Amino acid sequence: FFIVYKSNEYKLPERTWGWNTINIMEEIKKIIENSLIELYEKNSILIDRNTKEEAINHWLAIYIDKNIRIAYPDSNYNVDIEYNRNVTNENEQRFFSKLIKYPKYFKKDDIVISIMKEIIPDIIVHKRGSNKNNLLCIEAKKNYRYANETKDIQKILGLLDFPYNYSYGCLVEYSPDEEIFSFLIIRKNNLDYQTERFFINKPIK
């Protein structure tokens, strides 16, 4: 038995979203919900014993791949972890990169100078070889009390921007010492962002 509920902590001013956008956002939420529930039902030992995030992310990616194929059976999306390449044309590949203005910056003569920062997302749902079908990028931590949530949000915002243009970003918190998962979904809307945070009760073992 589990309950999904929302927090208004990050809620932005209400907007009128297109019907198709609302449906896709709900679908993405359901994919993440179902994947986290299955992760805990089948691999709770990884979370309860506080194993490395990479080990947990591996299994979360497997269940996301399964649920993506259920939701979009003809889409042929690829689900990859620690993916560090971006195709800028047919013959060139380079690291994900983005000008990160916060928290990585320094000042000189009262001018803020941004630093190019490599982005290696934990999990992505995309189609390899182009930026035309980048659906979802995910950053996941065991607990954001001991990690920099702002840094991971900046990574996601970088992937929602041009040239990557991911449709959705998500921050996942596994919370080994608590009875809930939480995740924050982020979507870009012109120059603004829509965000919603959700909580899921972990299944009773």
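**Exercise 1. Work out whether C137 is buried or exposed, and what that cysteine pairs with, if anything.**

Step 1: C137 has a relative accessible area of 0%, so this cysteine is buried. (Buried means under 20% relative accessible area, exposed over 50%, and partly exposed in between, with a 1.4 Å probe and protein chains only.)

Before going on, a word on the model: it is predicted, so local features need pLDDT of at least 70 and side-chain atom pairs count only at pLDDT 80 or more, while totals for chains, interfaces and linings use all residues. Residues are numbered from 1 along each chain as its sequence is written, and side-chain values use heavy atoms, with hydrogens and water left out.

Step 2: The closest cysteine sulfur to that of C137 sits in C170, 8.9 Å away, which is too far for a bond. A disulfide is a pair of cysteine sulfur atoms within 2.5 Å.

Step 3: C170 is buried as well, at 0% relative accessibility, and is in no disulfide. The count for the structure is 0 disulfides.

**Exercise 2. Describe how β10 and β11 are put together.**

Step 1: Get the ranges. Strand β10 covers residues 180-189 and strand β11 covers residues 192-201. (Helices, H or I with at least four residues, and strands, E with at least two, are DSSP runs numbered from the N terminus.)

Step 2: Check the pairing. The two strands run antiparallel, with 10 bridges between them; two strands pair if DSSP finds at least two bridges between them. L184 stands opposite R197 in β11.

Step 3: Look at the turn. β10 and β11 make a hairpin with 2 residues between them, and N190 in that turn has a positive phi of about 60°.

Step 4: Check the cover. In β11, 8 of the 10 residues are buried. Over in β10 you'll find F181, which is buried with a relative accessible area of 0%. The C-alpha of F181 is 9.7 Å from that of K142, although the two are 39 residues apart along the chain.

**Exercise 3. Find the span of helix α2 and list its buried residues.**

Step 1: α2 runs over residues 53-71, which is 19 residues. From first C-alpha to last it reaches 26 Å, close to the 27 Å expected at 1.5 Å a residue. (The expected span is 1.5 Å times one less than the number of residues.)

Step 2: The buried residues are I56, N57, L60, A61, Y63, I64, N67 and I68. An α-helix has 3.6 residues a turn, so residues three or four places apart point the same way.

**Exercise 4. Track down the backbone oddities in the loops.**

Step 1: Know the background. Most residues other than glycine have a negative phi, and most peptide bonds are trans.

Step 2: Try the loop between α3 (149-160) and β9 (168-173), where P163 sits. The peptide bond from F162 to P163 is cis, with omega near 10°.

Step 3: Stay in that loop for N165, whose phi is positive, near 55°. N165 is partly exposed, with a relative accessible area of 37%.

Step 4: Move to the loop between α2 and β2 (78-81) for N76. Phi of N76 is near 60°, again positive, and N76 is exposed, with a relative accessible area of 59%.
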